[in-house]
Amino acid sequence: MKTGTIIKEADHDTLRTFYGCFSDLDHLQEELHVETRSYARLAINIAETASEYMMELALPGYKKSDLELLIENDMLIIRGTASCVPEHYEEVQHFYKKEFCVESFTRCFLLPEDIDRVTASLEGGILFIHFIKGARRVLPVNGPCYTETILIN
């Protein structure tokens, strides 16, 4: 599956060492001056407790049906579809200020190695993702990649 990022999977351990867990692969490509697709700038909070990691994304205007969450090997992929653009935007001739936009996006984050399971919910325009800690996952070296779709409650 094509994720939108071109940083090689073999480099993920090195990136995790120097940039830490939850490295935003899209922003790393930008820092490395690698040509990338355009993506929406989303406000994101990432925190850790003794038992879990938590991610919060501000997604005003998006519905659950507009969002897709995937884990592909050691990467979290978040996709949003622009099917939720307000109808009145078609009549707008000029925005005097526009601090958020509703557009399609894909964001990729490098995950820590100690995630057991993932839950997600969308409440009040905020996507909450909880990564419950557990034993270190063993990822396939050769063969098909591990892919899991996360349901949003």
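This section describes the strands, the nonpolar core and the salt bridges of a predicted model.

Confidence was examined at the outset. The protein chain has a mean pLDDT of 79. A pLDDT of 70 or more is reached by 71% of its residues. Over residues 33-39 the value is below 50. This stretch nevertheless has twelve contacts in the model beyond near neighbours in sequence. Where pLDDT is low, predicted coordinates should not be read in detail.

Two open sheets were then considered. One is made of four strands in the order β1-β2-β7-β6, with antiparallel pairing. Strands β1 (44-48) and β6 (115-123) stand at its edges. Each has a single partner strand, so one side of each is left without a neighbour in the sheet. Neighbouring strands here are turned by 15° against each other on average, direction ignored. Strand β1 runs antiparallel to β2 (residues 52-58), and five bridges join the two. Within this pairing, I46 stands opposite M55 in β2.

The other open sheet also consists of four strands, in the order β5-β4-β3-β8. Its pairing is antiparallel. The edge positions fall to β5 and β8. Both have a single partner strand, so one side of each lacks a neighbour in the sheet. The average turn between neighbouring strands is 20°, direction ignored. Strands β3 and β8 pair over four bridges in the antiparallel sense. The bridge partner of L70 in β8 is T149.

The largest nonpolar core has 25 residues. Those with the most contacts inside the core are M55, L76, I78, L127, I129 and F131. At least two core residues come from each of β2, β3 (67-72), β4 (75-80), β5 (105-110), β6 and β7 (126-133). Strand β6 gives the most, with four residues. In soluble globular proteins, nonpolar side chains tend to be buried together.

The surroundings of I78 were listed without its neighbours within four places in sequence. Contacts of I78 include M55, L57, L69, F105, F109, L127 and I129. The residues E68, T106 and R107 are also in contact with I78.

A search of the whole structure finds three salt bridges. Side chains of opposite charge can pair when their charged atoms come close. In one salt bridge, the side chains of E48 and K133 meet at 2.5 Å, N to O. This pair links distant parts of the chain, with E48 in strand β1 and K133 in strand β7, 85 residues apart. E48 is exposed, with a relative accessible area of 52%. K133 counts as partly exposed, at 21% relative accessibility.

R79 forms a salt bridge with E68, and the closest N and O atoms are 3.3 Å apart. R79 lies in strand β4 and E68 in strand β3, eleven residues apart. The relative accessible area of E68 is 34%, which makes E68 partly exposed. E68 also belongs to the contacts of I78.

A further salt bridge brings together the side chains of R136 and E113 (3.1 Å, N to O). R136 is in the loop between β7 and β8 (147-150), and E113 is in the loop between β5 and β6. The two residues are 23 residues apart. R136 counts as exposed, at 59% relative accessibility. E113 counts as partly exposed, at 26%.

Technical notes: Residues numbered from 1 in each chain as written. Predicted model: local features only at pLDDT ≥ 70, side-chain atom pairs only at ≥ 80, totals over all residues. Heavy atoms only, no water. Pairing = 2+ DSSP bridges. Axes fitted to C-alpha atoms, helices over the stretch in contact; angles between N-to-C directions. Core = buried A, V, L, I, M, F, W, Y, C linked by side-chain atoms within 4.5 Å. Buried < 20%, exposed > 50% of the residue type's maximum accessible area, 1.4 Å probe, protein only. Contact = heavy atoms within 4.5 Å. pLDDT = per-residue confidence, 0-100. Salt bridge = Lys/Arg side-chain N within 4 Å of Asp/Glu carboxyl O.
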